[in-house]
Amino acid sequence: MKWGIDLGGTKIEGVILDDDLREVYRDRIDTEREGGYAHIVSRIALLVQQFREKTGLTPEHIGIGTPGTIDPPTGLLKNSNTVVLNGQPLGKDLEAALGVPVTLANDANCFAIAETLLGCVPAEAPKARVVFGVILGTGTGGGIVVDGRIIGGAQGIGGEWGHIFLDHSGGYCYCGRVGCCEQILSGPALERYYANLSGTYRTMREIVPRYRQGNDPAATATLQRWFHFFAKGISTIINVLDPDVVVLGGGLGNIAELYTEGVPQVVDHLFNPRMDTLFLRPKLGDSAGVYGAAML
Ligand SMILES: [Zn+2]
């Protein structure tokens with residue numbers, strides 16, 4: 001059995017998969033992150049305890065998907081938007097609380113491995129060896145999978161394309177630099193851009209239909225700029241990694257025009273006269289994070 005926990009900002013979800021990656025048991029509880037770091041660790045321990053009681057199973061090892069990433073030389077968590085986790089030895093503390101070895105990986109890496117082993121990749125590109133999984137939503141995450149294994153990287157930042165420089169117009173980023181992909185391609189960045197143009201704040205759920213109607217120049221400009229910079233940003237990954245498949249996940253990965261209007265522009269930035277890279281829609285929905293954790 002494979003045990004996985006997906007630690008989110010509001011929910012902690014757990015799953016047990018059998019050796020054929022079929023779901024045996026699944027449940028979730030609130031993170032209660034306002035209770036602080038030690039409380040979050042105790043919530044994870046509580047969920048695992050409930051799993052033991054309800055299934056009669058005992059884990060030998062647990063995979064944990066987290067926001068942020070473990071810094072390999074120190075073992076401390078970094079880059080998490082659940083900021084109380086940053087600087088904490090989450091892996092060590094979880095092993096102490098759970099009494100079993102744990103493997104941690106960030107949520108984009110869990111998404112990428114789940115879609116590679118169980119989601120859209122086996123269904124649509126079974127021969128793919130190199131997969132780049134993208135999460136486009138409140139942030140801009142990414143994960144690299146090669147031959148069925150996550151490439152976390154020497155510093156734990158493998159696949160983190162959200163903080164590659166894209167354009168000065170993105171402005172300042174919380175990471176301390178300017179013009180990061182995330183400040184141009186993420187949902188909040190698009191909403192901010194639209195508000196600056198139009199003088200009205202609207203969410204992406206409102207902006208996309210206005211783009212489709214074609215009578216809101218600010219919506220047109222926001223989406224067209226997004227397609228342009230998406231193509232430019234993702235071309236950097238393709239020029240370096242040259243994956244067989246890119247999976248576009250996250251809330252913004254659902255927007256059909258990203259495939260029909262954004263993806264065709266990628267070739268303009270490639271060191272190749274054509275593009276063979278497949279862009280796929282994810283198949284596992286919200287389950288990808290917890291399934292990927294179990295696969296760790
Ligand atoms: Zn940044």
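Along the chain, the donors of the zinc ion follow the spacing H-x9-C-x1-C-x4-C. The model that holds this site is predicted. In three dimensions, the ion is coordinated by ND1 of His163 together with the SG atoms of Cys173, Cys175 and Cys180, at 2.0 to 2.3 Å. The angles subtended by the four donor atoms run from 105 to 118 degrees, and the arrangement is therefore tetrahedral, since four donors count as such if all angles lie between 85 and 135 degrees.

Accessibility is given here for two of the cysteine ligands. Cys173 counts as buried because its relative accessibility is 7%, under the 20% limit. Cys175, at 26% relative accessibility, counts as partly exposed.

| Residue | Relative accessibility | Class |
|---|---|---|
| Cys173 | 7% | buried |
| Cys175 | 26% | partly exposed |

The wider architecture is as follows. The protein is divided into domain 1, residues 2-100, and domain 2, residues 124-281. Six residues from domain 1 and five residues from domain 2 make up the contact. Taken over C-alpha atoms, the centres of domain 1 and domain 2 are separated by 28 Å.

The size of an interface is often expressed as the accessible area lost when the parts come together. Between them, domain 1 and domain 2 bury about 290 Å², with 45% of this area on carbon and sulfur atoms. On the side of domain 1, Thr69, Pro72 and Lys78 supply 74% of the area buried against domain 2, more than any other three residues. As for specific interactions, zero salt bridges are found across the interface of domain 1 and domain 2, whereas two residue pairs are in polar contact there, both at pLDDT 80 or more.

Methods: Residues numbered from 1 in each chain as written. Predicted model: local features only at pLDDT ≥ 70, side-chain atom pairs only at ≥ 80, totals over all residues. Heavy atoms only, no water. Donors = N, O, S within 2.8 Å, 3.2 Å for Na, K, Ca; no water. Tetrahedral: all angles 85-135°; square planar, octahedral: opposite > 155°, others 65-115°. Buried < 20%, exposed > 50% of the residue type's maximum accessible area, 1.4 Å probe, protein only. Domains from an automatic or database assignment. Contact = heavy atoms within 4.5 Å. Buried area = accessible area lost by both parts, 1.4 Å probe. Salt bridge = Lys/Arg side-chain N within 4 Å of Asp/Glu carboxyl O. Polar contact = N/O pair within 3.5 Å; in protein donor to acceptor, adjacent residues only side chain to side chain.
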